Structure formats: C-alpha cells, structure tokens
Amino acid sequence: MIPGPLAGPAAERIGLKHGAGGRAMRRLVEELFLPLGEPGPVDGVGLAAMDDGAALRVGDQWLIVTTDSHVVQPPFFPGGDIGRLSISGTVNDLAMMGCTEPLGLTCAVIVEEGFPRADLARIRDSMAAACAEAGVTVVTGDTKVMGKGELDGIALNTAGFGLTRRVVRDDGLRPGDRILVTGTVGDHGLAVLTRRRDLRIEGALSSDVAPLNGLVRAALAAGGDAVVAMKDPTRGGLASVLHEFAEKAKVGVLLDGPSVPVNAETAAAAEILGIDPLVVANEGKAVIGVRPEAVDRVLAALRGHPLGRRAAVVGTAIAERPGDVILDTGLGRRLLAEVEGEPLPRIC
Amino acid sequence: MGAADQAGELKFRDPARARALAEALAREVAAVGRPVEVMHVCGTHEQAIARFGLRAAFPRDLHVIMGPGCPVCVTDTPEVDEAVALAAAGARVCTYGDMLRLPGASRSLGDVQGEGGKVEVVYSVTQAVEIARARPAEEVVFFASGFETTAVATAAAILGGVPANFSVLSAHKYVPAAMEVVARLEDTKIEGYLAAGHAATITGWEIFVPFARATGSPVVVAGFEPLDVLAALLELVRLVREGRPEVANLYPRCVTREGNRPALEKLWKVFRVVDGDWRGIARVPSGNLELRPEWAAVDARRRFRIDTALVGGAAKNELADRCLCGLIMQARKDPSDCELFGKECRPEVPVGACMVSSEGACRIWHTYGGAPDLRGVGA
C-alpha cells in the first residue's frame, strides 16, 4: 500500500501557541511528553501531576526538583532581564511546591555566535544579584554556542532542587477556601510587550520579576497547613492558575474582579492593546489558596513583606460549577475563559 | 489601585451607577409588560456586554442581540479570493490581523503566507504606505476592511499622497445600509436598535432619522463603556415603550448631529457606496465602499486584472455546512445555538467568519465564556 499524506496530529506543526502556557500547550504536553513520566514515582509528585516541579521522597523529607528554560525577547526589558528571570523562575517554581530554601541551582547557557560578551556579563551580574536575594547559588552549569542565525541571541535553562517537609500542591482547594494574589497582575507580560518595536507604546511599565521564596516562607509560617494550594501565575496569567485550581480540585472559583490589584500603567497599556491583565504573565507573584480561618493571618504576613505589600484576597472556591472560573466584574458576571495561549509569544 | 478603580474614576465603569441603571432598566422592561428584543450592530458593543458580564445584569425579558456588526465577518469569500489571488501573483498584501484567517473559497491569506506568499499584518493603513515606500520595486496592496470609521483613515492616507507602487483593495463596508437590510428580514422581531458610537462619530446621528421613521423602530447612538451601554438600553426601551420611532444620542461626548464634516469630506472624496454581497447576510444595497473612478490608479481592482479562478473552487466542506454564521449575523441564532461552537470551531481553528474576527459574535462569546446564567451562583 502506498502511504498517504500525513493526516491528523502527525501532520500538525508546532505553533507558538504550543509554548504559550494555555490549553494548547497543556494538550501538547499531555499527548506527547506525559508517557516519559510513566510509571511515576512510587511516593511523590511526578510528571503526570503537571505541577510546578517534582517531589521525591528522601527519608522523612521531600526533594523538590524543577527546571525551566528562558527565551524572552528582548533579553533586557524594563524591570529585569533574562538572567534575573532565569533565577527567579526556578526559585519560584520550588517555592510554589513549598520549598523555600533551595539547596542549589544549575544553569545551562546557549548563546548565538556574535552575542556581545558585555551583554553576557551583564546577564551574569543580574543572575548573581537574584541569587543573593534568594539566598541560593549555582552549583553546576553548561555552555554551548550555536552558529549565527541558529538561535535568536540567547537561551537560558536553570534547574533547582531543595528539601521540604511539606509539599504544597495545586489541587488542595475545597468550597469556602479563599484565594489570594501577592500583588499586582499583568506587569511582566505588558512590560515586555510594550518594549517590542512594532507596537511603539511608551510608558513606565516595569516587570515584576523577583524571587519569591522569602515571601512564600512568610506566608507558610503564618498559614501552616491552612495553605492548601500555590502556583505562580506566569504564562496564561491569573486566569490560567485559577482554571488549574478549579479543574484539579473539582471546585468552582468565584473571582472578584474589582479586588484584583492592577498597576495603573499596566491597566492603561492593557486597555489600549485590548489585552486582559488577567491572562498576562507575571514573574514575581504567587496565587495562594488558604482555608478561610487562616486568610487574615496569611494576608497580614504577605503585606508585611516588601514583595507582598499589595497582596489581596481576590476569590473564593465554591461547590457549584466545578472546573469553571466565574468573574464578577462589579457590573455583571461571566465565565472567565482560559486563554488558548498567552497573547504574546516569548515573554519568558 | 485596581483596573476597575481606574475606570471607576472616569465613572464609566462605576458599579454603583451600573446597578442603578440596571434596576431602572428592569423597571422599564417590566413596564412594557412583555419580552423586548433589541439589536446592536457593533462588535465593540458585544465586547463590552460580554467582557463586563452585562447580560447577567439585564432583565430576563430583555433580549439584546448582535446584528451584522463585524466588518471582517461580512467580508465576502470573493473579496478574500481577490486578495489571495494578488498575493499568489506576487504582490505584497498588507492587511489587519483578523483578515488573515478569513476563509476564501479554497485558501485564506494566512495559508498563502504559510506557503511563502508576501502577506503582512499591519496596524494601520499608514504602516502599509510606509512598507510601500520602503520597497519601491514591489507592488504593495492594502487589503482594507472596516466600516466608515476605518474607511476614513484609508481615504486620508490616499489623499495624503501614496507612492506609485501602492494600491487599495477595498472591502470597506457602510453600516447604515446593513441596518436597513436586517430591519427588512422577514421574521425579525427587533423593536429598537443601538447604533455604533464610533461609526456615528463620523456619520453623525441624523443619518438614522429616516431609518427610524421608515422602520418604526427607535435608534439610540451608544458608546462602549458599560455605563454607556446600560444607559442607552434604558433610553431605547423607554422609546419602545412610548412607541416613539426617534433617534436619541447617548454618546454626545463624541457624536454630533452632523458628524465629523472634514472626515466625511475625505471619505466621500475617495469612496462611493455600491451594492455589495455581505457574507452570510445578503446583497446589501449601498453596503460596500468602493474607490471612486478618479482614484483608479490606487484601486487594486482597476489596476490589476485579478484572476480569482485559480484560487477558487472550494472542495465541499462538511463542517462549513453545519456552521451557523449566516444566521448568527442575521441575529436569528446565538453562537451557543451552533453545534460547532467551542468544539470543532474555536479561535485557533475557526470554521466560520464569526469565530475569526475579534469583533465576531462567536469569537467574543468564546473569549468571554459564552452567556450562561450566572446570576445566583455562589450566593
């Protein structure tokens, strides 16, 4: 038999949406990569959980491991750069699993031929500063150079690992639990986007990129076991995290739109571009699910930390409409649809 | 300060005022004593309604339907084919992003781009003119879409002077004509219309007076903030209840009786209305904006012999047969009535034009979670 042309998924090409943190990416990972995780760890969190990282049993503690690649364009943006991003992203993924004292990070750098050495040094300095903020060091690394045109400037991968006694998952919500964000949403994505030349938007937007392990440590110290879900709203933004919370815990989530903190500049840029800050990436924020009795304690602890001054309670888990996120706009209500992908490619 | 607070400062999104208007609207509809059906003809109105969840604040007896308010959606297949044919023949076709995935008979501009054709997304006609200046050796065609608002921008660019290698393939549409067609649909129960505030900024509100008289239906010109929409609906239902087929301007901060004179002068200096087929709706008398004969040199249709035979001839598409776009644009069906909505037909794989454009009813409903009744949830 003569083989026909490829049809269905096999003929499909990878699009930018497949890396955008939304539904398209989740489907790709589920269909293509999840088999790599089988069988999962006997005891712990493996690939199948699609959480921020893995949790493997080591004695009476958990070893948390996570990895993250960074390809942001432009590599230097208001409020940060690819170096700060690569350290913060991995430290934050560990923190979201409950590991706030990372043992170390790894760092792999892939650079395009012709990349200025001075820029590389600047990125290194920025990584060092972020490491100092997080109290972590890079313990091993790798460097590769690719030919001109084979890579767009620079790509950075970091992995992180550390121990924790309690793993915080993202499926722990039950009806009545409250949901907090640790500050303003949408800043990173819009700061990077407005730096792109073709849009020509000016303004004082600044990325929020920061390592959050100190902030999370404060929240966990205040809330203890009452902190039942954590996730950092990177690609896909707050909307994407709330959808994951709702789906994994089989609850509905009622989001009070007017309570969600948004910077004035970010709100203005989002309005001009027709982009909802709720679906835009953050790199220095956490979304935290808390049992109702602990919400005041956790909120106070967050607001007492320099990175959490604008923390707010923004939502409630409900028994109705499991898997759905309902947005109360203050003027009416609608379902908050999960975006197919981040509206802007290569933001982290 | 939250986003809502920001806009709240401007008072166009103030929840307390919105509640007061919604309550007044409920009283007005109750006073009519039967269900009232009204139509808006603008994707931006649908966006405001969907984005702010206003349907959850409307009284149950008020049905606010979206008519043919998306210029991209009503761009007809042969118009897309013309652009596809030009790109296939080697011209550089510049157009707005939404036009890329609009289906032609067999291919979209996005398909041509994927095959290596010179298709570029621009944010304005000015950008297309700049591209033409930067590439004097190429023929650059601006595939122009939009209602009279964007047509004015196209006209201004042409009047401002364009390089010799620049031309326009007009798919511009004229809103007032479409309202006439929808009002004459046989089984329509529409009792009043919201007119699009931005289009009326150009045309002025007086243009709707003959329409209101002829159809016996009031028209209210409305802005696009949530409070604009609520206030306009309140006025519209009041006019319906009182049986007054008049025009009210509830967007006076932008819209005047006679419109934007200089803009209109530019518009009619460059364009004239001609009959045109609107995808999914009908042949709309005076519905298309065509370049006037004296602008033949910049009119792609007169400048090139466009042969769409090579790009036409679609294979029968089983999904397209089940698509309700036409009925949705005629306001006879809701997006959620379509069995493809959100399943086979999604923004990344649109079946019909209404899912392609950010102004399309299906795309808007999909983006903002459809229109389930969420009034009592989590109470």
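Which residues of helix H5 (residues 213–223) of chain A are buried? They are A:Asn213, A:Leu215, A:Val216, A:Ala218, A:Ala219, A:Leu220 and A:Gly223. A residue is buried if 20 or more other C-beta atoms lie within 10 Å of its own, exposed if 12 or fewer, and partly exposed in between, with C-beta atoms placed from the backbone. Helices (H or I, at least four residues) and strands (E, at least two) are DSSP runs, numbered from the N terminus.

This is a predicted model, in which local features need pLDDT of at least 70 and side-chain atom pairs count only at pLDDT 80 or more, while totals for chains, interfaces and linings use all residues. Residues are numbered from 1 along each chain as its sequence is written, and chains are lettered from A and ligands numbered from 1 in the order in which they are written.

**Chain A**

The cover over the buried residues of H5(A) includes H2, E6, helix H3 (117–134), E10, E12 and helix H8 (295–303) of chain A. After H5(A) comes A:Gly224, with a positive phi near 55 degrees. Strand E10 (residues 227–231) of chain A is mostly covered, 5 of its 5 residues being buried. E10(A) pairs with strand E12 (residues 287–290) of chain A in the antiparallel sense over 4 bridges; two strands pair if DSSP finds at least two bridges between them. Within this pairing, A:Ala229 stands opposite A:Gly289 of E12(A).

A:Glu101 lies in the loop between helix H2 (82–96) and strand E6 (102–112) of chain A. A:Glu101 is partly exposed because 14 other C-beta atoms lie within 10 Å. Although A:Glu101 and A:Asn213 are 112 residues apart in sequence, 7.3 Å separates them in space, C-alpha to C-alpha.

The average pLDDT of chain A is 90, and 93% of the residues score at least 70; pLDDT is the predictor's confidence in each residue, from 0 to 100. Over residues 1–7 of chain A pLDDT stays under 50, and the model has 1 contact for them beyond four places in sequence. Two residues are in contact if their C-beta atoms, placed from the backbone, lie within 7 Å. Where pLDDT is low, the predicted coordinates should not be read in detail.

**Chain B**

Chain B has 17 helices and 11 strands, and 55% of its 379 residues count as buried. Its C-alpha atoms fill a box of roughly 65 × 50 × 45 Å along the principal axes. Of the contacts in chain B with a separation of 6 or more, 76% join residues 24 or more positions apart.

Chain B is divided into domain 1 (3–68 + 182–249), domain 2 (77–175 + 259–310) and domain 3 (318–367), with bounds from an automatic or database domain assignment. The centres of domain 1 and domain 3 of chain B, taken over C-alpha atoms, are 23 Å apart.

**Two contact sides**

Domain 1 of chain B touches domain 3 of chain B through 12 residues against 8. Chain B meets chain A with 27 residues in contact with 29 residues of chain A. The table gives the composition of two sides; Ala, Val, Leu, Ile, Met, Phe, Trp, Tyr, Cys and Pro count as nonpolar, Asp, Glu, Lys and Arg as charged, and the others, Gly among them, as polar.

| Side | Largest contributor | Classes |
|---|---|---|
| Domain 1 of chain B that touches domain 3 of chain B | H3(B), 5 residues | 7 nonpolar, 4 polar and 1 charged residues |
| Chain B that touches chain A | H1(B), 3 residues | 16 nonpolar, 8 polar and 3 charged residues |
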